[in-house]
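This report describes a structural model, beginning with a single chain and ending with the surfaces near the nucleic acid.

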Protein chains: 2
Amino acid sequence: MASIPDYQQLLRGAALRVTRPRVAVLDAVHAHPHADTDSIIRAVRRALPEVSHQAVYDVLRALTAAGLVRRIEPSGSVARYEARVGDNHHHVVCRSCGRIADVDCAVGESPCLTPSDDSGFAVDEAEVTYWGLCPECSAAGSS
Amino acid sequence: MASIPDYQQLLRGAALRVTRPRVAVLDAVHAHPHADTDSIIRAVRRALPEVSHQAVYDVLRALTAAGLVRRIEPSGSVARYEARVGDNHHHVVCRSCGRIADVDCAVGESPCLTPSDDSGFAVDEAEVTYWGLCPECSAAGSS
DNA sequence: CCATAATCTTGACTCATTCCAGAAAACGAG
DNA sequence: CTCGTTTTCTGGAATGAGTCAAGATTATGG
């Protein structure tokens, strides 16, 4: 787990002002991978009870734009955030409980896949979402 | 383009009652691939001015459950529907204008990819979304 | 043609996210 | 260290896709 000074470094390195809400959000995202915005708001308020939800939304947008966090949005779910960035890894999502786990990129660096026919698009990223059942739901369902 | 009787066949084949809203929605989805719900509602009302939005939502859910249409939800977009089903093809999405194009499955049959480490999940589908710029936005941006 | 169960209409409601205006805080210059 | 500028945060209202619920309609088997 990174320390406060580390988060300050991260923020400065991205040319972002260092504020308490930003440090707290960074910390929350690092501590709770794949958490949705509401969970992050609650986690942040444990350290900073007065933050507004708007501040958290703003901070998450700024951090995402700066590449310090990554936003993921599996179908049927609200936006979620994770601190693992820069490696273009993918996700497995449980159809039953919504749980998400990381999956390393199957091939290599981003984009790790090239479309067979790109219709003229200039593709720069391939995002893969695997769907299935997590171990728990799998066990519960087959019983 | 399929005809009305064809849609009735499709519906009956899926054990769904044949109703005017259902036929109209099927027709709209076939005519406008990747359309969002609102566009579909407007298209349906050209044929059936009185349909409620709720009916369209219900029908889309029923058709999706029956496998007659496929629902896609690229991040940052509302739900969209397409009539091309059963071949697990993928999509390229334009980062700038949101346009979507189909991409044939790169490898073979579904699931066309196997995660390197599935964390114990029973994976049954791999959904790939390519991100980039469509020809138009690409040209506009580089000028 | 009837009965029954599925489907549709209407209209209220939820909830994630965004918009807005003013207050507060960060940070570079002096 | 202090000030001024600019960004960020607070508080609260608003937006909009999608859902819920109750009663009216309609498709379909007999």
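The text below covers the fold of one chain, the pairing of the two copies, one helix contact and the surroundings of the DNA strands.

**Chain fold**

The model is predicted. Chain A contains five helices and six strands. Read from the N terminus, the order of elements in chain A is α-α-β-α-α-β-β-β-β-β-α. The C-alpha trace of chain A spans about 45 × 45 × 25 Å along its principal axes.

**Relation of the two copies**

Chain B is superposed on chain A by a rotation of 180° with 0.0 Å of shift along the axis, and the RMSD is 0.1 Å. The two copies are therefore related as by a two-fold rotation axis. Within chain B, B:Val128 has the C-alpha nearest the axis, at 2.2 Å from it.

**The interface between the chains**

How many residues of chain B are in contact with chain A? The contact involves 31 residues of chain B and 31 residues of chain A. On the chain B side, at least two residues each come from strand S4 (90-94), strand S5 (100-103), strand S6 (122-133) and helix H5 (135-142). S6(B) gives the most to this side, with twelve residues. By class, the side of chain B that touches chain A has 17 nonpolar, seven polar and seven charged residues. Because 100% of the interface residues of chain B are also interface residues in chain A, the copies meet through the same surface.

**A helix contact in chain B**

In chain B, the axes of H2(B) and H3(B) come within 9 Å and cross at roughly 125°. At this angle H2(B) is therefore oblique to H3(B). The crossing of the pair H2(B) and H3(B) is right-handed. From H2(B), the residues B:Ala24, B:Val25, B:Ala28, B:Val29 and B:Ala31 take part, and they meet B:Ile40, B:Ala43, B:Val44 and B:Ala47 of H3(B). The contact of H2(B) with H3(B) consists of nine nonpolar residues, with no polar and no charged ones.

**Surroundings of the DNA strands**

Both chains supply residues near each DNA strand, and the two surfaces are taken in turn.

DNA strand C is surrounded by 23 residues, of which the closest are A:Ala79, B:Thr19, B:Ser52, B:Gln54 and B:Ala55. Elements that each supply at least two residues to the surface near DNA strand C are helix H3 (37-47) and helix H4 (53-66) of chain A, together with helix H2 (20-31) and helix H4 (53-66) of chain B. Which element gives the most to the surface near DNA strand C? That element is H4(B), with four residues.

DNA strand D is likewise surrounded by 23 residues, and here the closest are A:Thr19, A:Pro21, A:Ser52, A:Ala55 and B:Ala79. Two or more residues of the surface near DNA strand D come from each of helix H2 (20-31) and H4 of chain A and helix H3 (37-47) and H4 of chain B. H4(A) gives the most to the surface near DNA strand D, with five residues.

The table sets out the residue classes of the two surfaces.

| Surface | Nonpolar | Polar | Charged |
|---|---|---|---|
| Near DNA strand C | nine residues | seven residues | seven residues |
| Near DNA strand D | ten residues | six residues | seven residues |

Definitions and conventions
Residues are numbered from 1 along each chain as its sequence is written. Chains are lettered from A and ligands numbered from 1 in the order in which they are written. This is a predicted model: local features need pLDDT of at least 70, side-chain atom pairs count only at pLDDT 80 or more; totals for chains, interfaces and linings use all residues. A residue is near a molecule or strand if its C-beta atom, placed from the backbone, lies within 6 Å of it. Ala, Val, Leu, Ile, Met, Phe, Trp, Tyr, Cys and Pro count as nonpolar, Asp, Glu, Lys and Arg as charged, and the others, Gly among them, as polar. Copies are superposed by least squares on the C-alpha atoms of residues with pLDDT of at least 70 in both. Two residues are in contact if their C-beta atoms, placed from the backbone, lie within 7 Å. Axes are lines fitted to C-alpha atoms, for helices over the stretch in contact, and angles run from 0 to 180 degrees between N-to-C directions. Angles under 35 degrees count as roughly parallel, over 145 as roughly antiparallel, 65 to 115 as roughly perpendicular and the rest as oblique. A crossing is left-handed if the near helix is turned anticlockwise from the far one by less than a right angle, and right-handed if clockwise.
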